[in-house]
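Visitor: I should like a close look at one part of this structure, with its surroundings explained step by step. Please begin with any term that I shall need.

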Amino acid sequence: MSNRLRISYLRGLYRIASGSLIRHRLRSFLSVLGIICGVSAVFATLSIGEGAKREVLAGIRQLGLENIIIRRVQLADSHVFFKHSGSASGLGLQDIAMLRSASPAITDIAYLKELQVELPGAVRQLTPQVVACSASYFDVLGIRVSSGRIMLDQDEVQKKSVCLLGANIAKTLGRQGQPGSQIRIGDQMFLVAGVVSPVAPFQGKSESGAVRVREIEQMVFIPFGTHEYFSHGANTNNEQALDEVIVQMNSQEAAEQLLPLIQRSLSISHKTLRDYQIIVPRQLMEQARNTQRIFNLVLAAIGGISLVVGGIGIMNVLLATISERTREIGIRRAVGATREDIMAQFLMESLLLTSCGGILGIVAGFGCSLIIAKFADWSIAVNFFTVFLPLGTSVLVGFCAGVYPAVKAGSMNPVQALYS
């Protein structure tokens with residue numbers, strides 16, 4: 001073919017392409033909107049879900065993966081009679097002695113009792129929680145102090161009138177909340193021995209759920225036994241009863257291995273009356289991860305459906321443009337393009353559309369995630385999975401959507417296409 005004929009064909013090709021350029025771009029943009037919306041929705045949902053998962057896992061880690069937590073459960077009215085008849089007395093110091101001798105794998109035991117006493121001087125919005133705990137409670141949960149000293153075993157043995165304040169409580173009390181000061185708790189005076197270091201906030205389940213991380217910054221700790229000093233009007237009935245017991249093991253594996261032993265021991269001690277709840281943070285961690293995997297699969301399926309809809313739109317646009325670009329296909333075949341070249345052209349157009357839509361969808365999804373996190377007070381987290389899944393799915397959908405139009409364009413008769 002002569003150069004003059006090639007130039008005429010190329011000029012004709014340019015006129016055909018430029019004549020339908022605006023219409024083709026408009027159709028392409030509308031078809032990409034489905035991809036953008038689908039990718040942004042999947043990205044925003046995955047990022048918010050990942051942030052929620054990290055918060056839950058962080059809260060479970062605060063409980064200690066090598067610990068077994070035993071919490072008192074409020075009995076139903078039908079079980080109260082059996083409790084008063086002597087079949088069980090709730091969590092108490094007798095359970096502590098029994099658990100200490102249960103296994104050498106138990107390295108330490110901490111216990112806590114919640115008190116209904118007021119803290120004069122603290123604002124009502126803080127709702128301070130006063131608890132009587134063992135000195136080991138801080139070591140088991142890894143609680144540290146920012147100023148002053150930690151609670152000592154002598155404080156519990158000698159029932160010293162000392163206390164440790166959470167960071168928010170100490171800040172609210174001002175100079176009165178600093179170590180060395182005297183504060184009044186209920187009707188008793190206590191010496192502030194230290195201020196607990198701030199702990200990252202955890203927004204997990206409600207206090208009725210299994211994952212309940214105490215708000216350390218709004219708590220006041222006194223040695224167990226000093227709660228006996230309060231008057232009877234302070235609601236400290238059953239002074240030896242405990243609200244929480246934490247059994248620390250020497251490893252995470254031991255926590256699961258010794259769980260049946262602890263369950264049998266408590267069942268015998270409480271005479272099968274379940275006035276307690278056993279929580280194993282390591283099991284909660286595995287359950288949270290499994291739940292997140294199922295959650296991600298469901299989101300992937302939903303996102304895949306939305307992206308398939310966008311892919312169908314792209315396929316329809318490519319099929320429509322084939323009829324408009326028939327002469328273009330004929331000219332390309334006339335100047336030497338093979339069937340594979342035509343197929344590659346339409347397939348690359350489809351991949352380009354979905355790839356650009358996927359990138360724009362990631363940007364839009366990130367913006368939506370930030371807006372939702374700001375107004376709903378949720379945390380977000382972005383990792384490789386949250387970016388790769390929607391972007392990779394959009395590219396895959398683009399490839400599948402472009403196969404049929406590419407095959408149809410490549411199978412055209414070049415002579416009929418040139419003179420159509």
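Guide: In what follows, a helix is a DSSP run of H or I with at least four residues, and helices are numbered from the N terminus. The model is a predicted one.

By this numbering, helix α10 covers residues 281-324, and Ile305 is found in it. Ile305 counts as exposed because its relative accessibility is 58%, and the limit for that class is over 50%. Its C-alpha atom is separated by 8.5 Å from that of Gly38, although the two residues are 267 apart along the chain.

An exposed isoleucine invites a comparison with the interior. In soluble globular proteins, nonpolar side chains tend to be buried together. The largest nonpolar core here has 41 residues, and those touching the most other members are Ile70, Ile185, Val245 and Val247. Strand β2, residues 106-115, supplies the largest share of this core, with four residues. Another core, of 27 residues, lies apart from it and includes Ile143, Ile216, Phe221 and Met285.

Val245 deserves a closer look. Leaving aside residues up to four places away in sequence, Val245 touches Ile68, Ile69, Ile70, Leu91, Ile96, Leu99, Ile109, Ala110 and Tyr111.

Leu99 leads on to a pair of helices, since Leu99 of α4 also takes part in the contact between α4 and α9. Two packed helices are described by the angle between their axes and the distance between the axes. For α4 (residues 93-100) and α9 (residues 259-269), the angle is about 140° and the axes are 11 Å apart. The two helices are therefore oblique to each other, because roughly antiparallel would require an angle over 145 degrees. The crossing of α4 past α9 is right-handed. On the α4 side the contact is made by Asp95, Met98 and Leu99, and on the α9 side by Ile262, Ser265, Leu266 and Ser269. Sorted by class, these are four nonpolar, two polar and one charged residues.

Two places with a positive phi complete the picture. Lys159, which is not a glycine, has a phi near 50°. Lys159 is found in the loop between α6 (153-157) and β5 (162-165), and it is partly exposed because its relative accessible area is 30%. Gly336, just after α11, has a positive phi of about 120°. Within α11 (residues 326-334) itself, the residues Thr326, Glu328, Ile329, Gly330 and Ile331 are buried, in contrast to the exposed Ile305 of α10.

Terms used: Residues are numbered from 1 along each chain as its sequence is written. This is a predicted model: local features need pLDDT of at least 70, side-chain atom pairs count only at pLDDT 80 or more; totals for chains, interfaces and linings use all residues. Side-chain values use heavy atoms; hydrogens and water are left out. Axes are lines fitted to C-alpha atoms, for helices over the stretch in contact, and angles run from 0 to 180 degrees between N-to-C directions. Angles under 35 degrees count as roughly parallel, over 145 as roughly antiparallel, 65 to 115 as roughly perpendicular and the rest as oblique. A crossing is left-handed if the near helix is turned anticlockwise from the far one by less than a right angle, and right-handed if clockwise. Contact means heavy atoms within 4.5 Å. Ala, Val, Leu, Ile, Met, Phe, Trp, Tyr, Cys and Pro count as nonpolar, Asp, Glu, Lys and Arg as charged, and the others, Gly among them, as polar. Buried means under 20% relative accessible area, exposed over 50%, partly exposed in between (1.4 Å probe, protein chains only). A nonpolar core is a set of buried Ala, Val, Leu, Ile, Met, Phe, Trp, Tyr and Cys residues joined through side-chain atoms within 4.5 Å.
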